[in-house]
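Here are my notes on the model you asked me to look over. I've put them as numbered points so you can follow along with the structure open.

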Amino acid sequence: CARPDLEAVSVHLLVHVPGVTLATDIICGFPGETEGDFEATLELVRKYAFGSLNISQFYPRPGTPAASMRRLPTALVKARSRRLTTMTEAFDPYRSLVGTTQTIHVDLERERVRDANATPRLVAHTKTFVKVLIAPDEAAGVVANATVEARIVAAHRWHCDAELLTVPNRPAKFRRRPSRGCGQAAVGVGVAILSWWWLAAGPL
């Protein structure tokens with residue numbers, strides 16, 4: 001969809017779904033992308049400070065129309081990807097959650113910390129799909145797919161740390177629904193995955 005449509009959807013979600021998480025994918029260096037197009041992308045990302053953002057470099061997938069398009073220089077694509085990544089690393093989207101109590105859904109996985117000797121932390125997500133990590137001593141007795149109450153104690157760029165308030169073992173209440181187009185995804189659980197491929201001049 002075109003940028004005006006994307007922004008209209010984003011604004012509507014932010015107004016009508018309190019606490020919604022806007023998530024998106026961005027491809028840097030799509031064939032035909034000008035410096036002006038890329039600057040417009042930076043402006044858009046800066047404006048909405050997406051909590052969840054996947055940045056990738058263009059890859060000519062065989063069998064697609066884009067595969068036959070003239071590619072941008074690899075060095076330029078990498079430079080743009082680095083610029084966008086550097087900008088988004090400075091975002092602080094979860095600071096407002098610190099001190100709040102959240103209902104979180106415990107995943108099946110555990111995430112290892114950088115210290116190779118440390119015990120992996122339990123991974124969970126809030127209803128708005130914010131990633132939450134729980135320390136090993138806090139996670140005792142919690143089983144996968146459980147729904148628990150937790151207090152957010154620290155916020156980082158891509159996740160929050162939490163301490164558990166309850167440790168019940170009951171079925172999860174969160175459901176995920178696949179995206180059905182621009183801005184239409186999992187709004188019922190407070191997550192909006194915005195899917196779009198656009199240039200400043202309009203839709204591709």
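1. Let's start with the helix pair. Helix H1 (residues 3–16) and helix H2 (residues 35–48) have axes that come within 12 Å and cross at roughly 5 degrees. Angles under 35 degrees count as roughly parallel, so H1 and H2 are roughly parallel to each other. On the H1 side the contact is made by Arg3, Leu6, Glu7, Ser10, Val11 and Leu14. H2 brings Ala40, Glu43, Leu44, Lys47 and Tyr48 to the contact. Keep in mind throughout that this is a predicted model.

2. Val11 is worth a click while you're there. This residue sits in helix H1 and is one of the H1 residues in the contact with H2. Is Val11 buried or partly exposed? At 40% relative accessibility it counts as partly exposed, because the buried class is kept for values under 20%. Its C-alpha atom is 9.3 Å from that of Tyr48, although the two residues are 37 apart along the chain.

3. Now the overall layout. The protein chain has three helices and ten strands. Reading from the N terminus, the elements go α-β-α-β-α-β-β-β-β-β-β-β-β. There are 204 residues in the chain, and 41% of them count as buried. Take the contacts in the chain with a separation of 6 or more: residues 24 or more positions apart account for 67% of those.

4. Just after H2 there's a backbone angle to look at. Ala49 has a phi near 40 degrees, which is a positive value in a residue other than glycine. You'll find Ala49 in the loop between H2 and strand E2 (52–57). With 30% relative accessibility, Ala49 counts as partly exposed.

5. On to strand E4 (residues 121–126). How many of its six residues are buried? Five are, so the strand is largely enclosed by the rest of the structure. E4 runs antiparallel to strand E5 (residues 131–134), and four bridges join the two. To check the register, put His125 opposite Lys131 in E5, and Ala124 opposite Val132 in E5.

6. The turn between those strands deserves its own point. E4 and E5 make a hairpin, with four residues between them. Phe129 lies in that loop, and here again phi is positive in a residue other than glycine, near 65 degrees. As for accessibility, Phe129 comes out at 36%, so it counts as partly exposed.

7. E5 has another partner too. Three bridges join E5 to E7, and these two strands run parallel. Val132 shows up on both sides of the story: Ala124 stands opposite it from E4, and Val132 also stands opposite Cys160 in E7. Cys160 itself is buried, with a relative accessible area of 0%.

8. Next door in sequence, have a look at Asp161. What is its side chain doing? It makes a polar contact with the side chain of His156, at 2.8 Å. Asp161 belongs to strand E7 (residues 160–164). Its relative accessible area is 17%, so Asp161 counts as buried, since the limit is 20%. Leaving out residues up to four places away in sequence, Asp161 touches Arg121, Leu133, Arg151, Ile152, Val153, Ala154 and His156.

9. Last, the cysteines, in case you were wondering about disulfides. How many turn up in a search of the whole structure? Zero. Cys28 is buried at 1% relative accessibility, and Cys160, as noted above, is buried at 0%.

Conventions. Residues numbered from 1 in each chain as written. Predicted model: local features only at pLDDT ≥ 70, side-chain atom pairs only at ≥ 80, totals over all residues. Heavy atoms only, no water. Disulfide = S-S within 2.5 Å. Buried < 20%, exposed > 50% of the residue type's maximum accessible area, 1.4 Å probe, protein only. Pairing = 2+ DSSP bridges. Polar contact = N/O pair within 3.5 Å; in protein donor to acceptor, adjacent residues only side chain to side chain. Contact = heavy atoms within 4.5 Å. Axes fitted to C-alpha atoms, helices over the stretch in contact; angles between N-to-C directions. Parallel < 35°, antiparallel > 145°, perpendicular 65-115°, else oblique.
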